[in-house]
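Work through the exercises below with the sequence and the structure at hand. Each task is followed by a solution in steps.

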Amino acid sequence: QSAAVQCNVYYFYNNEVIELGSIESLSTAYPLSFTRDAIWAGDNTAIKKYSIKDGELKECEDQSDDYLSSQVIHFGCGASDCINSIIKTN
């Protein structure tokens, strides 16, 4: 399995599924992760927190230590398709 570094974000809002955009981290050294209310991505200088507010994807200021307990988003590629999965590791 490998850690995800890019994802498209979809959200069920106003009775329809809408694509809100994408989130990307710098590399596998900074894999995407999630908590109950956010998706996290990193680069050489900072960890960024993204959340959905009023049906829009927004970068937020982090006022907590939630990233430290976030779960890495993994993916696995097979011969014919790619399967995305969220694996609880702790």
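Two residues are in contact when heavy atoms of theirs lie within 4.5 Å. The model is predicted.

**Exercise 1. Describe the surroundings of Ser70.**

Step 1. Locate the residue: Ser70 sits in the loop that runs between strand S7 (56-60) and strand S8 (71-77).

Step 2. List the contacts. Leaving out residues up to four places away in sequence, Ser70 touches Ser33, Phe34, Thr35 and Trp40.

Step 3. Look for a polar contact among the side chains. Those of Ser70 and Ser33 are joined by one of 2.8 Å.

Step 4. Classify the exposure. The relative accessible area of Ser70 is 13%. Buried means under 20%, so Ser70 is buried.

**Exercise 2. State which residues make up the largest nonpolar core and which strands supply at least two of them.**

Step 1. The largest nonpolar core has 10 residues: Ala4, Cys7, Val9, Leu20, Ile23, Leu32, Ile39, Ala41, Tyr50 and Ile73.

Step 2. At least two residues of this core come from each of strand S2 (6-13), strand S3 (16-24) and strand S5 (38-42).

Step 3. Take Ile39 as one member of the core. With neighbours within four places in sequence set aside, Ile39 contacts Val9, Ile23, Ser33, Phe34, Lys48, Lys49 and Tyr50. Val9, Ile23 and Tyr50 are also among the core residues.

**Exercise 3. Find the salt bridge and classify the exposure of Lys48 and Asp43.**

Step 1. A salt bridge requires a side-chain nitrogen of Lys or Arg within 4 Å of a carboxyl oxygen of Asp or Glu. The count by this rule is one.

Step 2. The side chains of Lys48 and Asp43 form a salt bridge, at 3.8 Å from N to O.

Step 3. Partly exposed covers the range between under 20% and over 50% relative accessible area. Lys48, at 30%, is therefore partly exposed. Asp43 has a relative accessible area of 21%, so Asp43 is partly exposed as well.

Step 4. Connect this pair to Exercise 2: Lys48 is one of the residues in contact with Ile39.

**Exercise 4. Summarise the protein as a whole: its strands, burial, contacts and surface.**

Step 1. There are zero helices and nine strands. Along the sequence the pattern reads β-β-β-β-β-β-β-β-β.

Step 2. The protein has 90 residues, of which 27% count as buried.

Step 3. Consider contacts between residues at least 6 apart in sequence; 38% of them join residues at least 24 apart.

Step 4. The exposed area is about 6,300 Å², and carbon and sulfur atoms supply 47% of it.

Conventions:
Residues are numbered from 1 along each chain as its sequence is written. This is a predicted model: local features need pLDDT of at least 70, side-chain atom pairs count only at pLDDT 80 or more; totals for chains, interfaces and linings use all residues. Side-chain values use heavy atoms; hydrogens and water are left out. A nonpolar core is a set of buried Ala, Val, Leu, Ile, Met, Phe, Trp, Tyr and Cys residues joined through side-chain atoms within 4.5 Å. Buried means under 20% relative accessible area, exposed over 50%, partly exposed in between (1.4 Å probe, protein chains only). Helices (H or I, at least four residues) and strands (E, at least two) are DSSP runs, numbered from the N terminus. A polar contact is a pair of N or O atoms within 3.5 Å; within protein, one must be able to donate a hydrogen and the other to accept it, and residues adjacent in sequence count only if both atoms are side-chain atoms. Accessible areas come from the Shrake-Rupley method with a 1.4 Å probe; for residues, only the protein chains shown count as cover.
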